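Dear colleague,

I am handing over the structure below, together with some notes on what was found in it. Please read them with the model open beside you.

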Amino acid sequence: MTERALGEHRYALTSTWTGNTGTGTSGYRDYRRDVTLEVQGKPDILASSDKPFRGDPSRWNPEDLLLASLSECHLLSYLHACVTTGVVVVEYRDTASGLMREDGRGGGSFVEVVLRPQVVVAEASMIEAAEKAHAQANEWCFIANSMNFPVRHEAAVTAQD
């Protein structure tokens, strides 16, 4: 019997600071926090720091991207878990939130993320399995498994019929 090889997956991006207003980082208020995130073959993401940290609120910030990664990873893992148990998902919408605390020394960390998926399945007979699929999705989500804080789920599942 041969063991199944575990895959390794590498990811690469280019992060370019575009916030030099002419004097570089000569002072804390003398530069913008604008960044362009590039992945080959994909649209660029215009990013910045969050507004409380002198960023541009019209751009994605690292905290938004972390929350988006957790939400999307759970969604994709959940859809897979449903397929494997015969649950037909017809709608899925998550209103996720996260709590980050500053530490008073210039840093901080996320302390919790809550995912609130609203799922609609094809038939009422699928609701119980659809609810259980969230636990499987949590086990499979690479991003959630990489966090050092809890990622909670407050899911609601209803039937289309």
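Is arginine 54 buried, exposed or partly exposed? At 36% relative accessibility, arginine 54 counts as partly exposed, where buried means under 20% relative accessible area, exposed over 50%, and partly exposed in between, with a 1.4 Å probe and protein chains only. Arginine 54 sits in the loop between strand E3 (45-47) and H1, and although it is not a glycine, its phi is positive, at about 70 degrees. For background, most residues other than glycine have a negative phi.

Before going further, some remarks on the source. This is a predicted model, in which local features need pLDDT of at least 70 and side-chain atom pairs count only at pLDDT 80 or more, whereas totals for chains, interfaces and linings use all residues. Residues are numbered from 1 along each chain as its sequence is written, and side-chain values use heavy atoms, with hydrogens and water left out.

As to the overall architecture, the chain has two helices and nine strands, in the order β-β-β-α-β-β-β-β-α-β-β along the sequence; helices (H or I, at least four residues) and strands (E, at least two) are DSSP runs, numbered from the N terminus. The radius of gyration of the chain is 20 Å, where a compact globule of 161 residues would have one near 15 Å, the value being taken over C-alpha atoms and the globule rule being 2.2 Å times the number of residues to the power 0.38. Along the principal axes, the C-alpha atoms fill a box of roughly 65 × 40 × 30 Å. Of the 161 residues, 28% count as buried. Among the contacts (heavy atoms within 4.5 Å) with a separation of 6 or more, 53% come from residues 24 or more positions apart.

Turning to helix H2 (residues 127-140), its 14 residues reach 20 Å from the first C-alpha to the last, close to the 20 Å expected at 1.5 Å a residue, that span being 1.5 Å times one less than the number of residues. Ala130, Ala133, His134 and Ala137 are buried in H2. An α-helix has 3.6 residues a turn, so residues three or four places apart point the same way. The buried residues of H2 pack against helix H1 (62-85), strand E4 (89-94), strand E7 (117-121) and strand E9 (156-159).

Within this helix, histidine 134 has a relative accessible area of 5% and is therefore buried. Leaving aside neighbours within four places in sequence, histidine 134 is in contact with His74, Tyr78, Tyr92, Pro117, Val119, Ala155 and Val157. Lysine 132, also in helix H2, is by contrast exposed, with a relative accessible area of 56%; its C-alpha lies 9.8 Å from that of tyrosine 78, with the two positions 54 residues apart in sequence numbering.

Finally, arginine 33 belongs to the loop between strand E1 (14-17) and strand E2 (35-38), and its relative accessible area of 11% is why it counts as buried. Not counting residues up to four places away in sequence, arginine 33 touches Tyr28, Ala47, Ser48, Ser49, Phe53, Arg54 and Gly55, a list that includes the arginine with the positive phi. Arginine 33 and lysine 51 are 18 residues apart in sequence, and their C-alpha atoms are 9.8 Å apart in space.

With kind regards
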